[in-house]
Structures are given as structure tokens and as C-alpha cells.
Amino acid sequence: TNHILNLNYRRIAFINGPISYNYAQERLRGFEAALAERDVTIPPSWKISLPEVSYSLGLSAASQLLGTDDRPDAIFCAADVFALSVIKAANRYGLNVPRDIGVVGFDNIEVASIAVPSITTINQPAFQIGFTAGETMFERIRDPEAKPSPILLDTELISRDSIIPFHRKVNLAR
């Protein structure tokens, strides 16, 4: 979200996965915190939590966001699958990504680098996630009464072609 804001976007929507999952709650919390830090407000209807991570559900959500005159100028997606959906919906409405709408995903799945345009995304340390999960499971087996401790792993922004600096249109008519 900070990357999107740093590129001068202020009308940012968010497509999220199932809010019952911790990752979705944390991504929403981070999105809202970044907007609040910059004093940016958006319509509540621009924060969408879908019941599952699905291309077709993402396409429907993106179509709702982009099918109106009052649309966002960027969409942050909690999964690259949703970012692919946004690109498809933008094409349906004659919008160019990144010129008309910026898109950022999350996960850095392989198709993100080969999509057209390629998707700016957040890379997660997959090996470290798996290794840490194994360690945590081993500790739980060894001591079922042990309280789980929070684990925070670093992520990395992978900058690609789906978002560029936003230049607001100025109305020069008087």
C-alpha cells in the first residue's frame, strides 16, 4: 500500500481473501493503517473480502469496481490471482493497466512475471515459511502445551509493469 501511495495514487481499492483467515485480516489491517497514516479515505465498498481466492470471484469484484464512473485509480490485491482478474476486467472496460489503473498483487506466483503486463507484487519467502511451519509443528508435537509465538517473516516488493507513477489530470477549463 505504501508503494502505491508513494506513486501518488489516492483512490485505492483493496481485493482481499477470506477475512476469516489471519493473513487476510493482517493484509486488511496493513492496508487501512497505510491509508490512515497518509490521511487517505476511500469508500467502504472499495474494501472487498471474497469468500475464497478465486480468479472468477476476483473478476466479478474487479468488474464491480471498474464498471462505474467513480472507480479507483489503483487496486491492491491480496493475491496475484486477484491481480490477474483486475487486468482482465480492465481490458473488458477498455482500461489500460498501468496507464488508466495501477495494479499490485501479493504472493509472487510464477504467472505474475509472465502476465501482460507483468504484475508488481509482494514476494513471500516460501522456503522460510515452510521451514518455520515444520519447526513449529515439531515443537507442538514435542510440547503440546507450549503457547505458539508470533512469527514475522520479511517480504520483498517486486516492481514490474502493472503500476507506474500516477499523474493527476488537471482541469484547465475556466
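Biologist: Which exposed residues sit on the face of α2 turned away from its buried side?
Modeller: That face carries Asn22, Ala36 and Glu37. Exposed means over 50% relative accessible area, buried under 20%, and partly exposed in between, with a 1.4 Å probe and protein chains only. Helices such as α2 are DSSP runs of H or I with at least four residues, strands are E runs of at least two, and both are numbered from the N terminus.

Biologist: Before I get carried away, what kind of model is this?
Modeller: This is a predicted model, in which local features need pLDDT of at least 70 and side-chain atom pairs count only at pLDDT 80 or more, while totals for chains, interfaces and linings use all residues. Residues are numbered from 1 along each chain as its sequence is written, and side-chain values use heavy atoms, with hydrogens and water left out.

Biologist: Back to α2, then. Which of its residues are buried?
Modeller: Ala24, Arg27, Leu28, Phe31, Ala34 and Leu35 are the buried ones. Looking down the axis of α2, they fall within an arc of 130°, so they line one face of the helix. The arc is taken over the directions from the helix axis to the C-beta atoms.

Biologist: And what covers them?
Modeller: The cover includes α1, β1, β2 and β3.

Biologist: How far apart are the end C-alpha atoms of α2?
Modeller: They are 22 Å apart, which agrees with the 22 Å that its 16 residues should span at 1.5 Å a residue. The expected span is 1.5 Å times one less than the number of residues. After α2 comes Asp39, whose phi is positive, near 60°.

Biologist: New topic: how many salt bridges are there?
Modeller: The count is five, taking a salt bridge as a side-chain nitrogen of Lys or Arg within 4 Å of a carboxyl oxygen of Asp or Glu. One of them joins Glu26 to Arg29, with the closest N and O atoms 2.9 Å apart. Both residues lie in α2, three residues apart, about one turn of the helix.

Biologist: Which salt bridge links distant parts of the chain?
Modeller: Take Lys47 and Glu32, whose closest N and O atoms are 2.9 Å apart. Lys47 is in strand β2 (residues 47-49) and Glu32 in helix α2, 15 residues apart. Lys47 is partly exposed at 32%, and Glu32 is partly exposed at 34%.

Biologist: What about Arg99?
Modeller: Arg99 forms a salt bridge with Asp100, where the closest N and O atoms are 3.9 Å apart. Arg99 counts as exposed at 57% relative accessibility, whereas Asp100 is partly exposed at 29%.

Biologist: OK, aromatics. How many pairs are there?
Modeller: Four aromatic pairs. In one of them, the ring centres of Phe14 and Phe31 are 4.7 Å apart and the planes are at 15°, so the pair is stacked. Phe14 is in strand β1 and Phe31 in helix α2, so the pair ties together parts 17 residues apart in sequence. The rule takes rings of Phe, Tyr and Trp (its six-membered ring) with centres within 6.5 Å; planes under 30 degrees apart count as stacked, over 60 as edge-to-face and the rest as tilted.

Biologist: Is Phe14 buried or exposed?
Modeller: Phe14 is buried, at 1% relative accessibility. Its ring and that of Phe76 have centres 5.5 Å apart and planes at 15°, so that pair is stacked too. Phe76 lies in strand β3, 62 residues from Phe14. Phe14, Phe31 and Phe76 form one aromatic cluster.

Biologist: Which residues touch the most other members of the largest nonpolar core?
Modeller: Of its 46 residues, those are Ile4, Tyr9, Ile12, Ile15, Leu66, Ile75 and Val86. The largest share, six residues, comes from α4. A nonpolar core is a set of buried Ala, Val, Leu, Ile, Met, Phe, Trp, Tyr and Cys residues joined through side-chain atoms within 4.5 Å.

Biologist: What is Ile12 in contact with?
Modeller: Leaving aside neighbours within four places in sequence, its contacts include Ile4, Phe31, Trp46 and Phe76. Contact means heavy atoms within 4.5 Å.

Biologist: Last one: where is Gly17?
Modeller: Gly17 is in the loop between β1 and α2, and it is buried at 0% relative accessibility. Beyond neighbours within four places in sequence, its contacts include Tyr23, Ser49, Ala78 and Phe82.
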